[in-house]
Amino acid sequence: MAIVFNQVPHGNAKGREALDLSLAISDINHVSVFFIHDGVFHLLRDQQPEKILMRDYIATLGMLDLYDITDIYACETSLKQRGLHHQNLVINTQMISQQAINDLLATQDVILQF
């Protein structure tokens, strides 16, 4: 199963729901997590969602490893287009091309986009 983060965090509950779902189903299914387009903003350190009265769930991304979710991918192009670098990221991800992401997604039985 693939969980795709493709929207900015904090303006709505989609990112938190995607993370909660990833953790919940990891016990019964293999989960791969992809950060593409504006979804790469989920990976940024030092976010301050409380300033817009949102809950800070970004620290929970660190739990992916504890739940044995190790297939975590970030789109290199999306990061570059937004001026982001791997040093800015809160968790370790595999930086891959958009084509590699497309290839991996083509192998998934279920793809959920948030």
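Which residues does valine 4 touch, not counting residues up to four places away in sequence? In the predicted model, the residues touched by valine 4 are Phe34, Ile36, Leu105, Ile111, Leu112, Gln113 and Phe114. Valine 4 lies in strand β1, which covers residues 2–5. Its relative accessible area is 1%, and valine 4 is therefore classed as buried, the cut-off being under 20%. A further distance places this residue relative to asparagine 92: the two are 88 residues apart along the chain, and their C-alpha atoms are separated by 16 Å.

The chain as a whole contains four helices and five strands. Read from the N terminus, the order of these elements is β-α-β-α-β-α-β-α-β. The radius of gyration of the chain is 13 Å, which agrees with the value near 13 Å that a compact globule of 114 residues would have. The C-alpha trace extends over about 40 × 30 × 20 Å along its principal axes. Buried residues make up 43% of the 114 residues of the chain. Among contacts with a separation of 6 or more, 75% are between residues 24 or more positions apart.

The accessible surface of the chain amounts to about 6300 Å². Carbon and sulfur atoms contribute 49% of this surface. The chain carries 7 positive and 13 negative charges, and the mean positions of these two sets are 10 Å apart.

Strand β3 comprises residues 71–75 and is mostly covered, with five of its five residues buried. In a regular strand, side chains alternate between the two faces of the sheet. For β3, Asp71, Tyr73 and Cys75 belong to one side, while Ile72 and Ala74 belong to the other. Both faces of β3 are covered, as the residues on each side are all buried.

Strand β3 has pairing partners in β2 and β4. With strand β2, residues 32–35, the pairing is parallel and runs over four bridges. Within this pairing, serine 32 is positioned opposite aspartate 71 of β3. With strand β4, residues 94–96, the pairing of β3 is likewise in the parallel sense and includes three bridges. Here cysteine 75 has isoleucine 96 of β4 as its bridge partner. Aspartate 71 and cysteine 75, which take part in these bridges, are both among the buried residues of β3.

Two positions outside the strands were also examined. Serine 26 is located in the loop between α1, residues 14–25, and β2. With a relative accessible area of 15%, serine 26 counts as buried because this value falls under 20%. Its contacts, leaving aside neighbours within four places in sequence, are with Val31, Tyr67 and Ile69.

Alanine 100 occupies a place in helix α4, which consists of residues 98–106. Its relative accessibility is 26%, so alanine 100 is assigned to the partly exposed class, which lies between the 20% and 50% limits. Between alanine 100 and serine 22 the separation is 78 residues in sequence and 21 Å in space, taken from C-alpha to C-alpha.

Technical notes
Residues numbered from 1 in each chain as written. Predicted model: local features only at pLDDT ≥ 70, side-chain atom pairs only at ≥ 80, totals over all residues. Heavy atoms only, no water. Rg over C-alpha atoms; globule rule 2.2 N^0.38 Å. Buried < 20%, exposed > 50% of the residue type's maximum accessible area, 1.4 Å probe, protein only. Contact = heavy atoms within 4.5 Å. Areas by Shrake-Rupley, 256 points an atom, 1.4 Å probe, with all protein chains shown as cover. Lys, Arg positive; Asp, Glu negative; His and termini not counted. Charge placed at Lys NZ, Arg CZ, Asp CG, Glu CD. Pairing = 2+ DSSP bridges.
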